[in-house]
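Please walk through this model from its overall make-up to its helix pairs, and then to a few single residues, keeping the coordinates open alongside the text.

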Amino acid sequence: MATTAMRRAWKAYASLSKARLSALVASTSTAGFVLGSGEHVDVPKLGWTTLGTLGAACAANATNQLMEVTHDARMTRTRIRPLPSGRLRRPHAVAFALVCGGLGVATLHSQTNDLAAGLAAGTIALYTLAYTPMKQRHPINTWIGAVVGALPPLIGWAAAQGQLDPGAGVLALGLYFWQIPHFMALAWLCKDDYVRGGYRMVSLADVSGKKTAAIAMRNALYMAPLGFLAVSTGVATNPFAYECVAMSAAFGLVASSMYRNPSLQQARKLFRASLIHLPAFMGALMLHRRPNAALVLEGDRKENKDNREEEGSKQWRREGGALPSMSSPPFPFLPIPPMHYPTSVECQTDTEE
């Protein structure tokens, strides 16, 4: 009986946090950490970064559901979520969001650095204070949501390096452009549901579906130059540039099929293609990654410093330590004064006197 109750509670909180989506978000932070690392990846720090980002993602998703209970209750796709269905009470969901968010940001602050923690806190704020309210007001919410989704790779990069540079933008831009076709396909598939929920999506004002498909196709093709950006910023080797073009062309081709024949079937194909494209893009980028030049240079400088200190220590020991330097005359350029040692007769004379 207790085991059954625990299993139900676990499923309810997993649904509240959108566990699979949160895991995907955390994986992009993991990829950002690897890309921002030097020749050697700090595995324990990588684990803390992933865990902290996961906590922040769970908090954002739980808060999103807290804010959209009435809207979710109207939609077929979301009415079975824990809050509309009554499987969780609101105070429990609030406590869950606060604990996940607090622990996530605190973990990044204590185990990585302030920049990573600040980006995580900013992601939660942007998701809950900008993206979520805008969903009921304007279709621009999709692009705001894409910005939110592009931040986790920056959290990982910042955790690894302590700063952000142009190379950090490669995966972030990839996430941004990828989300547009992904959500355009979803918006067309769930068009009627979004009407019932009161959400403002591009697809609701698009009778033919061509506008929705065109937006998806453009953004799929926008990913093509990212391979060359990765090479020019030193993030990846040359093969990734051509692989990125090929993957983007294939992604854009699926979107073009939806543009030529807008339908639920084509939208479903585009949605599935997006689920294949993202792991392929991240996997290829990490496969062809170049160690972060700044961290490699810093490591070389530290190694050279350690080698110089070790060589100096060896030389000090070979020369007899500090005794030779202590026994040498302080002013070697001056003549050494004559030394007169009294004889035993002179000592006796002085004593008698």
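The secondary structure of the protein consists of 17 helices and 0 strands, and the coordinates come from a predicted model. Of its 353 residues, 43% count as buried. Among contacts between residues at least 6 apart in sequence, 74% join residues at least 24 apart.

A good place to begin is the pair formed by helix 6, residues 90-111, and helix 7, residues 114-134, which pack at an angle of about 160 degrees with their axes 7 Å apart. Since angles over 145 degrees count as roughly antiparallel, that angle makes helix 6 roughly antiparallel to helix 7. On the side of helix 6 the contact involves Gly101, Val105, Leu108 and His109, and these meet Asp114, Ala116, Ala117, Ala120, Ala121 and Ile124 in helix 7. Sorted by class, this contact of helix 6 with helix 7 comprises 7 nonpolar, 2 polar and 1 charged residues.

Two residues of helix 6 can be followed individually. Val105, which lies in helix 6, has a relative accessibility of 21% and therefore counts as partly exposed, the cut-off for buried being under 20%. Leaving aside neighbours within four places in sequence, Val105 is in contact with Ala117, Ala120, Ala121 and Ile124, residues that belong to the helix 7 side of the packing described above. Val105 and Gly55 are 50 residues apart in sequence, and their C-alpha atoms are 7.6 Å apart in space.

Ala97 also has its place in helix 6, but at 9% relative accessibility Ala97 counts as buried. Once neighbours within four places in sequence are set aside, the contacts of Ala97 are with Ala59, Ala62 and Thr63. Ala97 and Leu16 are separated by 81 residues in sequence and by 9.2 Å in space, C-alpha to C-alpha.

A residue outside the helices offers another view of burial. Thr78 lies in the loop between helix 4 (69-74) and helix 5 (82-85), and Thr78 counts as buried because its relative accessible area is 1%. With neighbours within four places in sequence left aside, Thr78 is in contact with Asp72 and Pro84.

Further along the chain, helix 13 (residues 238-260) has 23 residues and reaches 34 Å from its first C-alpha to its last, close to the 33 Å expected at 1.5 Å a residue. Its buried residues are Phe240, Ala241, Cys244, Met247, Ser248, Phe251, Gly252, Ala255, Ser256 and Met258. An α-helix has 3.6 residues a turn, so residues three or four places apart point the same way. What covers the buried residues of helix 13 includes helix 9 (169-189), helix 11 (210-221), helix 12 (226-232) and helix 14 (264-287).

Two of these covering elements, helix 9 and helix 14, also pack against each other, at an angle of about 165 degrees and with their axes 8 Å apart, which makes helix 9 roughly antiparallel to helix 14. The crossing in which helix 9 passes helix 14 is left-handed. Helix 9 contributes residues including Val170, Leu171, Gly174, Trp178, Pro181, His182 and Trp188 to the contact, while helix 14 contributes, among others, Leu264, Arg268, Phe271, Ser274, His277, Phe281 and Met282. By class, the contact of helix 9 with helix 14 has 18 nonpolar, 4 polar and 1 charged residues.

Methods. Residues numbered from 1 in each chain as written. Predicted model: local features only at pLDDT ≥ 70, side-chain atom pairs only at ≥ 80, totals over all residues. Heavy atoms only, no water. Axes fitted to C-alpha atoms, helices over the stretch in contact; angles between N-to-C directions. Helix = DSSP H or I, 4+ residues; strand = E, 2+ residues; numbered from the N terminus. Parallel < 35°, antiparallel > 145°, perpendicular 65-115°, else oblique. Contact = heavy atoms within 4.5 Å. Nonpolar A, V, L, I, M, F, W, Y, C, P; charged D, E, K, R; others polar. Expected span 1.5 Å × (residues − 1). Buried < 20%, exposed > 50% of the residue type's maximum accessible area, 1.4 Å probe, protein only. Left-handed = near helix turned anticlockwise from the far one by under 90°.
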